[in-house]
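Colleague: I have a bit of time now, so could you walk me through this one slowly?

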Amino acid sequence: MEGWDPNTKSTLTQIPLLSTKAGPRDGAAWTQRLKEEYKALIAYTQMNKSNDNDWFRISAANPEGTRWTGKCWYVHNLLKYEFDLQFDIPVTYPATAPELELPQLDGKTQKV
């Protein structure tokens with residue numbers, strides 16, 4: 001955390017740390033990791049709501065916790081832009097980060 005600004009550091013200290021290093025192929029260890037992920041996600045969402053900085057909603061789309069869907073939004077000039085959000089947890093997670101998909105923006109240019 002060296003070199004990070006104080007605001008980022010204070011945000012990270014409010015989110016529970018993940019201690020289990022497991023991916024979807026790891027059986028019971030993955031279940032434990034998924035519980036830790038949920039706790040961190042809930043803490044982050046609550047923190048955002050309390051700071052009036054709410055910008056996304058996600059939930060697991062399957063019981064295994066490997067497919068996630070939701071919504072994210074951005075407000076610009078008092079207009080709210082809302083997008084569908086989806087991603088799959090790769091089998092090599094946590095060594096490989098998930099790729100977030102915004103299907104409505106697929107094929108659009110940067111100007112849009």
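Modeller: Gladly, and a point to keep in mind throughout is that this is a predicted model. A good place to begin is Asp52, which is exposed, with a relative accessible area of 74%.

Colleague: Where does Asp52 lie?

Modeller: Asp52 lies in the loop between helix 2 (28-50) and strand 1 (56-60), and its phi is positive, at about 55 degrees, although Asp52 is not a glycine.

Colleague: Which other residue, not a glycine, has a positive phi?

Modeller: Leu78 is one, with a phi near 65 degrees, and its place is in the loop between strand 2 (67-76) and strand 3.

Colleague: Is Leu78 buried or exposed?

Modeller: Leu78 counts as exposed, because its relative accessibility is 85% and the word is used for values over 50%.

Colleague: Okay, let's go back to the helix before Asp52. How many residues does helix 2 have, and how far does it reach?

Modeller: Helix 2 has 23 residues and reaches 33 Å from its first C-alpha to its last, which is close to the 33 Å expected at 1.5 Å a residue.

Colleague: And which residues of helix 2 are buried?

Modeller: The buried residues of helix 2 include Trp30, Leu34, Ala40, Ala43 and Met47, and also Arg33, Glu36 and Glu37.

Colleague: What covers them?

Modeller: The cover over the buried residues of helix 2 includes helix 1 (6-13), strand 1 and strand 2.

Colleague: Since you mention the strands, how do strand 1 and strand 2 pair?

Modeller: Strand 1 and strand 2 pair in the antiparallel sense, over five bridges, and within that pairing Ile58 stands opposite Gly70 in strand 2. The hairpin that they form has six residues between the strands, and Gly65 in this hairpin takes a positive phi near 75 degrees.

Colleague: Is there a general rule for where side chains point in a strand?

Modeller: In a regular strand the side chains alternate between the two faces of the sheet.

Colleague: New topic, then: how many salt bridges does the structure hold?

Modeller: The structure holds five salt bridges. One of them joins Asp88 and Arg67, whose closest N and O atoms are 2.9 Å apart. This pair links distant parts of the chain, with Asp88 in strand 3, Arg67 in strand 2, and their positions 21 residues apart in the numbering.

Colleague: How accessible are those two?

Modeller: Asp88 counts as partly exposed at 37% relative accessibility, and Arg67 is partly exposed too, with a relative accessible area of 26%.

Colleague: What does Asp84 form a salt bridge with?

Modeller: Asp84 forms a salt bridge with Lys71, and their closest N and O atoms are 2.5 Å apart. This pair also links distant parts of the chain, since Asp84 is in strand 3 and Lys71 is in strand 2, 13 residues apart. Asp84 counts as partly exposed at 30% relative accessibility, as does Lys71 at 33%.

Colleague: And which residue meets Arg57 in a salt bridge?

Modeller: The side chain of Arg57 meets that of Asp54 in a salt bridge, at 2.8 Å from N to O. Arg57 is partly exposed at 38% relative accessibility, and Asp54 is partly exposed with a relative accessible area of 24%.

Colleague: Last one: which peptide bond is cis?

Modeller: The peptide bond from Tyr93 to Pro94 is cis, with omega near 5 degrees, and Pro94 is found in the segment after strand 3 (79-88).

Note on methods
Residues numbered from 1 in each chain as written. Predicted model: local features only at pLDDT ≥ 70, side-chain atom pairs only at ≥ 80, totals over all residues. Heavy atoms only, no water. Helix = DSSP H or I, 4+ residues; strand = E, 2+ residues; numbered from the N terminus. Buried < 20%, exposed > 50% of the residue type's maximum accessible area, 1.4 Å probe, protein only. Salt bridge = Lys/Arg side-chain N within 4 Å of Asp/Glu carboxyl O. Pairing = 2+ DSSP bridges. Expected span 1.5 Å × (residues − 1). Contact = heavy atoms within 4.5 Å.
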